[in-house]
Structures are given as C-alpha cells and as structure tokens.
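User: Please take one part of this model and go through it closely, strand by strand. Set it in its wider context on the way, and keep it brisk.

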Amino acid sequence: MRRILPILLLLLAGQAHAGAVLVMNSGEASLSVIDMASQRELKRIPVLREPHHVMLTPDKRELLVGDTVANEILAFDPNTFELRRRIPAADPYQIGFSPDGKYLVVNGLARAQVDIHDAVSFKLVKRFPLKSMPSHMAFSPDSASVFITLQGTAKLAAIDLRALSVRWIAETGPAPAGVMWHNGRLLVANMGSDDVWVLNAATGKTERKIRTGKGAHQLFPSPDGKLIYVNNRIDSTTVTLDPATLNVVRSYKLPGGPDDIEFAPDGKVWFTLRFVHKVAVLDPVSGQFSTIDVGRSPHGIFLNAKATPK
Amino acid sequence: MTGWFDAAAGWLQESLLLPAMYGLGLMEWEDVSFGWALFAVYGMAQVVVTFALCVPLERWRPVEHWPDSKAVAVDVLYTFISRVGLLPLVTFVLFYKLQVGLNGFLADQGFVPPTLERLIPGLLGHQVVTFLLYVIILDFTDYWRHRLSHVFNWWYALHAVHHAQRQMTFWSDDRNHLLDDVIAFVWFTVIALLIGIPPMQFPLLVLLLRLVESVSHANARLSFGWLGERLLVSPRFHRAHHGVTAAGYVSVNYGALLPWWDMIFGTADFSRSFAATGDPTAEEALATGSYVEQHWVALRRMVREFGRG
C-alpha cells in the first residue's frame, strides 16, 4: 500500500505529469523521460544505437532526435513523447533548422560531412564534405548563413545557405564545439582550451578571447536574454556571461561534465552531466542543484512544461 | 552490476582520461572517450577475473606438471600484446570507422542499415537478450572461421603457432600469429557489420568470449559434467582440440564458447579425457622459439604452402 499510495495520488492529481523532460542517453541507446514536478525518471524509451541531439521542427509538431550510429532521425510527438516515424539519415549528430524554416542542417561528426536537407520533405539538397568532425552549428537570424565548428581541425566554416557554398573557413582554438550567434558576432567555445573566442561573423576574424574554464564546450542564451551560459567540461563548471560585456558574471560547480542545457519556466536550469549519468537541476539564484539518475552518457535534453508523456 | 562498470568508467573518463586528453591536445575525441573508458574498465575486469579464476584452478587440479615453465613465458608476452596493449583500442577504433562508413553509405541510399533489432522489433529495449543473441551469432561464425583455419594449409601454417604449445595454460589463448589475428579481426568485423553490432557492445562481446576462451585453455583437470559440457566449452572439451592426436588439418571441438556447433556439424568429441597437447608436425621453433622466431617460422611455412598451391 505504501508503494501504491503515491501512484494513486499522482493519478488523482491529474496534472501531476504535466511537464516532462526527454534526455538522450547516448551511451546506452535509450531516452529517459523525466517528470518535471517530481523530478523522477518515469521510463526509458529504447532506440537503436546512439541518440545525441534533439530539435523541434519549425511548426513545433514533431520533435526530432538524431541517432548517429543507427543512421536515422526519430520523429516524436513533442507533447506525449510517442514515436511517430523514422527517417533514414547518415550520421545525424547535430541537427538544426534554419530560422526561416527552409532547411534542416545535419552535421555528420563521424563522417565529416554537413548535409543540407529540405526542411519539409527531408530530401538532401546538398552535401558539404568538411574536414573534420563537424560538431555544433549556429544560424544567422536572417537564415543567410549557418556556421559549423570543425572539432577535428580547429576551424569554423561559414556556409552560405542562399548560394549553397562555403563562404569562409576561419581558425579557432583547439577542438571547437559550441557556437552561438551574438549581435553579428560568433561565440565559439574551444573544448581543447579554456576560452571562448569572439569572431566577426562577416569575415571570420577573431576579435577577442574570453576565459571561461577548461574544456569550454557549449553556449546557451537564457530565455530572457540577460545571460549566456557556458559549460566547461574539464573544469565541470558552468559560467554565466553578461551579453553586453561578455564578462563572467558567476560560476557554478557542476561535477560530472555538464553538456546540454534546457531552461524551465520556473527559472531552474536543467543540465545533462555526461560522466556521472545524471541530469542536474540548478537554481541559478541560490546556486543549489539536485540530480536525477538517467542512462549512460546523457547528451541532448528537451524540456516541455506542458508535456504529458504516455 | 553494470552500474558499477558505468560509474567506474565515468570516474575514469572524468578524472584521468579527459584531463590527459586535454593535456595532449586530443579533446576532439572527447565524445567517444566514454566508449574507451568503458572498454578499459571491462578489459581490466576481464584480466582480474581471468587471473582470479585461472591461477587457483591451475594450482588446484593441474593436468600436467612441468619441470620448468619457460615455454609459457612467451604466451604471457602474447597476452600482453593482445589484451593490455594498443591492439584492442585499435580494433575498436577501426571497427567504429568501418561501421560509420558502411552504414552512412547505406543511409544515403535511403536504407536504415541492418540491425538485429530492426529484423526482430520485439528485441528493441531488451538489451540483455539482444546481447546474448549477438554472442550466439558471433560464436557460430567464429566456429566456422576456426574450422576453416584448420582446412586451408596456408592458414593452418599460421594457426600452428597456437597449436604448437606443449605447455598449455590460460595464457595460451592469445598465442596467435599476428596475421592470424588480423584475419580473425576482419572476419569478426564483417559479420558484426552485417548484423549491426553497436560499437559500444562490440568490445564487450570480444571480452566475454575471450574470458571463456582463457578458462578453456587452462591447465586444469576440469569438466563441466555431461550436461554442462554440452552447454559451454570446458577446459576438458577444448583440450581435446589441442591434443596431439587432434592437431593439424583434421581436428575436433572447434567451438570457442558454445559446443553446440560442433554437435550440430559432427565435429564434437566428448570422449577424450585430458590428453597431452601440442602439434607433433610443427617445427620445434613454433613450440619453444621466441615471439619473433615463431612469427618468422610460421610466415615462412605459410609462403611454402602457398607455393604448393
């Protein structure tokens, strides 16, 4: 009875499961579904091989998950997390839609290629072999360009999405990972060093370097635009930057290798922790955080405060 | 149980592997480093379990006593090169690269590459059952690889390095000519690609198979009983394969993990007890020579066999 009672209470509450988080367990071929309110893992959805990243379609009707080693993209219902269809795709590591909704860009990290697909039909429009290890991406707000970090060769490639050609390839720090558009500039997190480089988006020239921590990996703007979060994998920290000055505002220690981030409506920040197989929920005001066990090597994360998983 | 391995691999990755990669400027490989850490943890566990199991076993009920064990020393060298050295890492990376290339090509043609779980959708989400099925399939194909290595004269010329050992112990499992190892790797890889083994499981499969193989080579008077011997390859069963009367081109008990394939294809022999091991037809250098001598003599023999057509 002691076990049944909480379940009954949850059922009676009706909305208890409203709000859920989907986590890509890249090391064990599954997706964890977490109830936001109770911060408990509800179930694991099996997939074929190695799910890494996740992206909503422009119409927000489907949630795409890239399974790299299975060479397929899985399309889920973003509200129920039910699988709707499977789409063959070569090595879909990082996926992203251009802001105008015209293209789906797929970075094949292991195959050293960037595929530009039609966002509606998913038909391949053009492939760019880019050495090497195309990792993260950022779009210019006008959808004219997509910028791709080349993790293996310490470069950043700018692809012109109108001419479908490579516009420039610029030097970065070692092992560049996350890249973010920021007021006509690009912020590039260099995993092989402890800094974020600021590049001119038009020319690719480096203008400034900001020290954030060893293993600078990924950047995320907060929903209110008041902060930029930078995760540092080796130091296991996340630091916040002031978007106006790009100076470090605050640093949080998050042991376990913080990777991807989602922002909850209640102000909490959800992180995947790759090395300890957990998700952390950080209160950025107090600096306190709790953790939730998930599968091996959790990578991408998707939060929907209105989701009711089935 | 796997939770401990995961935790250990996570600790290894965060505390040792990534800081070392950061220091060496190898952070571009960060994303696959968990696979390496997991591989290392399982590898270390395998070595520890093999030692913990086989050393007392060989002392408790040895089949043979030798005045000295000089011939065993070279087998220890084989083991370190094969298991603790870079070989497992290289094979893992090579397999990963091959799988990415082939499967990506298939995906480009509009096909989701083959996997057992696509063939039998009920397997999705049942990783242990799927893992066991992969083990059975790989063991079946390995039976044929091993059997063929006794059929073709040129191939057996290499494989004779493994059979020439007269002082067979659990160390002898890795006593293989490097070229024979390469052929085995290619064989294993082609099969693994065809049935879509995930890279993260591939090293675990190899490690599991090799643990049983180590035990089956032990110098131990150990049988698993009438039923047990028909379920899993025992030291007694495998010793018959290494027996002096079974060495060479026609042998028995080729199975590495499961004796089922020998039973099905008529090569099982449960009648022999603990025979003396070795290959009387092999050159003495293959039995007692150094690591380099064994490789050279076997290679020369292989070329000779090719010359004979």
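Analyst:
**Domains first, then one strand in detail**

The domain assignment splits chain B into domain 1, residues 1-60, and domain 2, residues 72-307. Their C-alpha centres are 23 Å apart. All of this describes a predicted model.

One helix of chain B gives a useful reference. Helix H7 of chain B covers residues 153-163, and eight of its eleven residues are buried, so the rest of the structure largely encloses it. The buried set begins with B:Tyr156, B:Ala157, B:Leu158 and B:His159. It continues with B:Ala160, B:Val161, B:His162 and B:His163. These residues pack against five helices of chain B: H6 (127-151), H8 (178-195), H11 (235-242), H13 (284-288) and H14 (291-307).

Now cross to the partner chain. The contact between the chains draws 35 residues from chain A and 28 residues from chain B. On the chain A side, 16 of these are nonpolar, eleven polar and eight charged.

Chain A is built from one helix and 28 strands. Its radius of gyration is 19 Å, close to the 19 Å that the globule rule gives for 310 residues, so chain A is as compact as a globular protein of that length. Along the principal axes, its C-alpha atoms fill a box of roughly 65 × 45 × 30 Å. Of its 310 residues, 54% count as buried. Take the contacts in chain A between residues at least 6 apart in sequence: 37% of them join residues at least 24 apart.

The close look goes to strand S26 of chain A, residues 278-282. Five of its five residues are buried, so to speak of the strand as mostly covered follows from the cut-off: a buried residue has 20 or more other C-beta atoms within 10 Å of its own. The burial reaches both faces of S26(A). A:Lys278, A:Ala280 and A:Leu282 are on one side. A:Val279 and A:Val281 are on the other.

S26(A) has a partner before it in sequence. Strand S25 of chain A, residues 269-273, pairs with S26(A) in the antiparallel sense over five bridges. Within that pairing, A:Trp270 has A:Val281 as its bridge partner. Four residues separate S25(A) and S26(A), and the two strands form a hairpin. In its turn, A:His277 has a positive phi of about 60 degrees.

S26(A) also has a partner after it. Strand S27 of chain A, residues 289-293, pairs with S26(A) in the antiparallel sense over five bridges. Here A:Ala280 stands opposite A:Thr291. S26(A) and S27(A) make a hairpin too, with six residues between them. A:Gly287, in the turn, has a positive phi of about 85 degrees.

Strands of a sheet pair through backbone hydrogen bonds, either parallel or antiparallel. Another sheet of chain A makes a good companion example. Four strands form an open sheet in the order S12-S13-S14-S15, with antiparallel pairing. Its edges are strand S12 (134-139) and strand S15 (165-171), each paired on one side only. From one strand to the next, the twist averages 25 degrees. Strand S14, residues 155-160, pairs with S15(A) in the antiparallel sense over six bridges. A:Leu156 has A:Ala170 in S15(A) as its bridge partner.

Back to the chosen part. S26(A) pairs with S25(A) and with S27(A), and its residues are buried on both faces.

Technical notes. Residues numbered from 1 in each chain as written. Chains lettered and ligands numbered in written order. Predicted model: local features only at pLDDT ≥ 70, side-chain atom pairs only at ≥ 80, totals over all residues. Contact = placed C-beta atoms within 7 Å. Nonpolar A, V, L, I, M, F, W, Y, C, P; charged D, E, K, R; others polar. Buried ≥ 20, exposed ≤ 12 C-beta atoms within 10 Å, placed from the backbone. Pairing = 2+ DSSP bridges. Domains from an automatic or database assignment. Rg over C-alpha atoms; globule rule 2.2 N^0.38 Å. Axes fitted to C-alpha atoms, helices over the stretch in contact; angles between N-to-C directions.
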